[in-house]
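Grab your viewer and work through these exercises one at a time. Try each task before you read the solution below it.

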Amino acid sequence: RIGANFPVAYSPETLASYRHHSNNISSRFLSTCQNIKDIKKVIETIQNYLPADIRAESKRISTKHFAVYFTKNAQKIYRKKGDAKLALKQAHAALMLQANKRTIISLITLYIKIIVGYRGNKYNF
């Protein structure tokens with residue numbers, strides 16, 4: 001909201017950092033696709049605070065960005081945890097957020113990896 005109404009500046013300096021590890025997001029949270037539902041709700045809520053002339057484009061760009069992000073996350077879930085069901089659930093929900101070339105290809109790639117049992121390293125065959 002501030003960036004839409006006032007001049008802002010960019011600083012490459014790290015001003016905040018967060019501890020991140022693989023246990024931050026529970027499997028239950030992912031299995032219900034609550035992470036994707038929450039992002040969708042945030043994107044919708046933000047629209048009310050943006051100038052009318054940029055709302056549609058902002059929404060399109062945001063949903064595309066997060067759809068691609070969540071399909072990459074689905075690939076990571078399968079590669080690191082080997083949980084095909086959870087990975088596919090995330091990938092399908094990402095596709096429903098926005099179907100675009102990258103999300104469709106990522107979902108197809110995930111299916112192929114699951115079918116052949118490939119998880120990204122030479123020890124998984």
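Helices here are DSSP runs of H or I with at least four residues, and they are numbered from the N terminus. With that in hand, the elements of the chain read α-α-α-α-α-α from the N terminus on. Keep in mind that this is a predicted model.

**Exercise 1. Get the overall picture.**
Work out how many helices and strands the chain has, and what share of its residues counts as buried.

Solution. Start with the element count: six helices and zero strands. Next, run the accessibility over the 125 residues, and 27% come out as buried. Then look at contacts between residues at least 6 apart in sequence: 59% of them join residues at least 24 apart.

**Exercise 2. Take helix α5 apart.**
Find the span of α5, say which of its residues are buried, and say what covers them.

Solution. First, the length: α5 covers residues 84-97, so 14 residues, and at 1.5 Å times one less than that number a span of 20 Å is expected. The model gives 20 Å from the first C-alpha to the last, close to that expectation. At the start of the helix, a side-chain oxygen of Asp83 comes to within 3.4 Å of the backbone nitrogen of Lys85.

Second, burial: ten of the 14 residues in α5 are buried. Those are Ala84, Leu86, Ala87, Leu88, Gln90, Ala91, Ala93, Ala94, Leu95 and Leu97. Third, the cover, which includes α2 (27-31), α3 (34-47), α4 (55-81) and α6 (101-116).

**Exercise 3. Pair up α4 and α5.**
Determine how the axes of α4 and α5 are arranged, and which residues meet between the two helices.

Solution. Fit the axes: they come within 8 Å and cross at roughly 170°. Angles over 145 degrees count as roughly antiparallel, so that is what α4 is relative to α5. Now list the contacts: from α4, residues including Phe66, Phe70, Ile77 and Tyr78 meet a set in α5 that includes Ala87, Gln90, Ala94 and Leu97.

**Exercise 4. Trace the nonpolar cores.**
Which residues make up the largest nonpolar core, and which element gives the most to it?

Solution. Nonpolar side chains tend to be buried together in soluble globular proteins. Here the largest core has twelve residues: Leu30, Ala74, Ile77, Tyr78, Ala84, Leu86, Ala87, Leu88, Ala91, Leu95, Leu107 and Leu110. Sort them by element, and α4, α5 and α6 are the ones that give two or more. Helix α5 gives the most, with six residues. Apart from this core lies another of nine residues, among them Cys33, Ile39, Phe70 and Leu97.

For a closer look at one member of the largest core, pick Leu107: beyond four places in sequence, Leu107 touches Leu88, Ala91, His92 and Leu95.

**Exercise 5. Sort three polar residues.**
Are Asn35, Ser106 and Asn48 buried or exposed?

Solution. The cut-offs are under 20% relative accessible area for buried and over 50% for exposed.

- Asn35 sits in helix α3 and has 7%, so it is buried. Its side chain makes a polar contact with the side chain of Gln90 at 3.0 Å.
- Ser106 belongs to helix α6 and has 12%, so it is buried too. Beyond four places in sequence, Ser106 is in contact with Thr71 and Gln75.
- Asn48 is in the loop between α3 and α4 and has 60%, so it is exposed. Asn48 lies 9.5 Å from Arg1, C-alpha to C-alpha, with the two 47 residues apart in sequence.

Technical notes: Residues numbered from 1 in each chain as written. Predicted model: local features only at pLDDT ≥ 70, side-chain atom pairs only at ≥ 80, totals over all residues. Heavy atoms only, no water. Buried < 20%, exposed > 50% of the residue type's maximum accessible area, 1.4 Å probe, protein only. Contact = heavy atoms within 4.5 Å. Polar contact = N/O pair within 3.5 Å; in protein donor to acceptor, adjacent residues only side chain to side chain. Core = buried A, V, L, I, M, F, W, Y, C linked by side-chain atoms within 4.5 Å. Axes fitted to C-alpha atoms, helices over the stretch in contact; angles between N-to-C directions. Parallel < 35°, antiparallel > 145°, perpendicular 65-115°, else oblique.
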